[in-house]
Amino acid sequence: MAFLVNGNEILQHARDNQYAVGAYNTNNLEWTRALIRGAKETRTPLLIQVSTGAAKYMGGYKVVRDLVLNEMDAMEADIPVILNLDHGDFAAAKECIDLGYSSVMYDGHDLPLEENLKNTKEIVRLAHERGISVEAEIGKIGENQGVGELASVDEVVMFAEAGVDKLACGIGNIHGVYPEGWEGLNFERLKEIADAVDNPLVLHGGSGIPQDQIQKAISLGIAKININTEFQLAFQKATREYILADKDIDKANKGYDPRKLLRAGTDAITESMKEMIGWMGTRPIDNKDSKVVFDEASLNEE
Ligand code: G3H
Ligand code: ZN
């Protein structure tokens, strides 16, 4: 029977040894299977997460939990799996704690600091009672191609002292596609934060950041990198190619069957995941001294 781990040990090992573990959003059944497959094939830990919107789309947090656990069993997932609520409000965090998610992100960054801290402490209490890990957002991750707010070092320390396990700090990162002329990550602030706390640091908006910046951020303490848009674009590109090649209207081969129509896109998620695992130097579970190096040639395999 499948079980989840909270990932604290894995992410602390990553921070202490300067590599990162990807945190991949699931959007549906195909995504879930593509992510489990990528983790199995690279023998790396899998951090699978769901946003409130994606959970709603799939029928709720319980459906997502059951889907992940059932696919882990069906696919014989013999790697550690962490299931994280991504950017949840107070009610969502409580619900996911009750459902047995192994990690929750309580995101109260829009609230006044005092209220956010009070809620965060309550989530930490409820989660830690059950061995569940907690993540918080400090400062603001940018949205809609605009930068957010840099996390203040004092606030990061406050959230670490409140018992938060992993800290997602605004450092010039943005969700979604980065705009032309984006200034890049603020490494100065990241270094100040990393000097102040030992917790694993989280980089949201991990899609579309150049490889050198990803690797510099990891060298400065980033241990978890959230990636969603990158895989959506990989899925979209491969699906578009399938359709533009008229494979969907190939009646003789039943190219319209969703199992075929979604296949190229689903495979592209796994390939894109493997590439990111190579960038992040994620360590395989069987040999934590070696890094997974992505084989670029496999990207072009049929
Ligand atoms: O919380 C989720 C992420 O921060 C994903 O961001 O879609 O820009 O990769 P992204
Ligand atoms: Zn995020």
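This report describes the metal site, the ligand pocket and selected residues of a predicted model.

## Basis of the model

Because the model is predicted, local features need pLDDT of at least 70 and side-chain atom pairs count only at pLDDT 80 or more, while totals for chains, interfaces and linings use all residues. Residues are numbered from 1 along each chain as its sequence is written, chains are lettered from A and ligands numbered from 1 in the order in which they are written, and side-chain values use heavy atoms, with hydrogens and water left out.

## The zinc site

Three histidines supply the protein donors of the zinc ion (ligand 2): His87 through NE2, His175 through NE2 and His204 through ND1, at 2.0 to 2.1 Å from the ion. Donors here are N, O and S atoms within 2.8 Å of the metal (3.2 Å for Na, K and Ca), and since water is not among the atoms, sites may look incomplete. Along the chain these donors follow the spacing H-x87-H-x28-H. The pair of His87 and His175 links distant parts of the chain, with His87 in strand 3 (residues 81-88) and His175, 88 residues away, in the loop between strand 6 (166-169) and helix 8 (187-196). Helices (H or I, at least four residues) and strands (E, at least two) are DSSP runs, numbered from the N terminus.

His87 is partly exposed, with a relative accessible area of 22%. In this scheme buried means under 20% relative accessible area, exposed means over 50%, and partly exposed lies in between, using a 1.4 Å probe and protein chains only.

## The pocket around ligand 1

Ligand 1 is surrounded by 13 residues, of which the closest are Asp86, Gly176, Gly205, Ser207 and Thr229; a residue belongs to such a shell if one of its heavy atoms lies within 4 Å of the molecule. By class, the shell has one nonpolar, 11 polar and one charged residues, where Ala, Val, Leu, Ile, Met, Phe, Trp, Tyr, Cys and Pro count as nonpolar, Asp, Glu, Lys and Arg as charged, and the others, Gly among them, as polar. Strand 3 and strand 8 (222-227) each supply at least two residues of this shell.

Several polar contacts (pairs of N or O atoms within 3.5 Å; within protein, one must be able to donate a hydrogen and the other to accept it, and residues adjacent in sequence count only if both atoms are side-chain atoms) can be listed for this ligand. A polar side-chain atom of Thr229 lies 2.6 Å from an oxygen atom of ligand 1, a backbone N or O atom of Gly176 lies 2.8 Å from an oxygen atom of the ligand, and an N or O atom in the side chain of His175 is 3.0 Å from an oxygen atom of the ligand. Of the 300 Å² of accessible area that ligand 1 has on its own, the protein covers 95%, as computed by the Shrake-Rupley method with a 1.4 Å probe, with only the protein chains shown counting as cover for residues.

## Cysteines

The structure holds zero disulfides, a disulfide being a pair of cysteine sulfur atoms within 2.5 Å. Cys96 is buried, with a relative accessible area of 0%, and Cys169 is also buried, at 5%.

## Loop residues and backbone angles

The loop between helix 2 (29-42) and strand 2 (46-51) contains Thr44, and Arg43 lies in this loop between helix 2 and strand 2 as well. Arg43 has a positive phi of about 60° although it is not a glycine, and it is partly exposed, with a relative accessible area of 24%. Thr44, in contrast, counts as buried at 1% relative accessibility, and its side chain is joined to that of Thr42 by a polar contact of 2.8 Å.

A positive phi, near 50°, is also found in Lys254, a residue other than glycine. Lys254 is placed in the loop between helix 10 (229-244) and helix 11 and counts as partly exposed at 46% relative accessibility.

## Separations along the chain and in space

Leu262, in the loop between helix 11 (258-261) and helix 12 (263-280), is partly exposed with a relative accessible area of 24%. Its C-alpha atom is separated by 6.8 Å from that of Thr239, although the two residues are 23 residues apart along the chain. Asp66, found in helix 4 (residues 61-74), is partly exposed at 23%, and its C-alpha atom is 9.7 Å from that of Leu99, 33 residues apart in sequence.

Leu113 lies in helix 6 (residues 113-129) and counts as partly exposed at 31% relative accessibility. The C-alpha atoms of Leu113 and His128, 15 residues apart along the chain, are separated by 22 Å.
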